[in-house]
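Ready for a little strand-tracing practice? Have a look at the model, then work through the exercises below.

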Amino acid sequence: MNSVHLIGRLTKEPELVFTPSGVAVFNNSIAIDEKYKDEKKTFFFNVKAFSKLAEMIATYSYKGQLVVITGRLTQRSYDDKEGRKIYLTEITIENIRFLSYKDDGTQPNNNAMPHLSDSDLPF
């Protein structure tokens with residue numbers, strides 16, 4: 001089973017890009033703090049979403065927002081300029097729940113869209 005569940009903060013302002021075929025793609029990373037005794041470590045994981053879910057996340061998210069992400073691990077590779085193979089492991093978002101909102105009146109109300117998943121999308 002390939003399932004990942006994370007709680008953390010988005011590290012960048014949302015950006016939505018489109019593939020040449022017109023599919024929306026959301027790319028960001030999530031920072032997760034881990035404490036052990038008096039030591040704190042922060043881990044960063046790349047996250048992405050596609051299509052309507054990507055558009056929704058880009059619309060309602062912001063840098064520093066606390067989120068719960070459920071998704072799956074994906075891996076891709078490419079060759080760098082020196083011909084070395086570079087491997088990237090990312091989390092493809094399948095569910096997201098926003099745990100914090102900006103305090104500027106732009107967030108949806110509690111009943112509007114606190115949570116959305118791929119299964120909620122009409123395709």
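**Exercise 1.** Which residue in E3 does phenylalanine 18 stand opposite?

Before solving, note that this is a predicted model, in which local features need pLDDT of at least 70, side-chain atom pairs count only at pLDDT 80 or more, and totals for chains, interfaces and linings use all residues. Residues are numbered from 1 along each chain as its sequence is written, and side-chain values use heavy atoms, leaving out hydrogens and water.

*Solution.* Start with the strands, which are DSSP runs of E with at least two residues, numbered from the N terminus. Two of them pair if DSSP finds at least two bridges between them. Strand E2 (residues 16-18) pairs with E3 in the antiparallel sense over three bridges. Now find the partner: phenylalanine 18 faces alanine 24 in E3. Finally, check the hairpin: five residues lie between E2 and E3, and glycine 22 there has a positive phi near 95 degrees.

**Exercise 2.** How many bridges join E3 to strand E4?

*Solution.* Locate E4 at residues 39-50; twelve bridges join E3 to this strand, and the two run antiparallel. One place to look is phenylalanine 26, opposite alanine 49 in E4. Then move to the hairpin, where two residues separate the strands and lysine 37 takes a positive phi near 55 degrees.

**Exercise 3.** Trace the partners of E1.

*Solution.* First, strand E1 (residues 4-10) pairs antiparallel with strand E5 (residues 66-79) over six bridges; here glycine 8 has valine 67 as its bridge partner. Next, E1 and strand E3 (residues 24-36) form an antiparallel pair over two bridges. Arginine 9 is opposite alanine 31, and leucine 10 has isoleucine 30 as its bridge partner.

Notes. Helix = DSSP H or I, 4+ residues; strand = E, 2+ residues; numbered from the N terminus.
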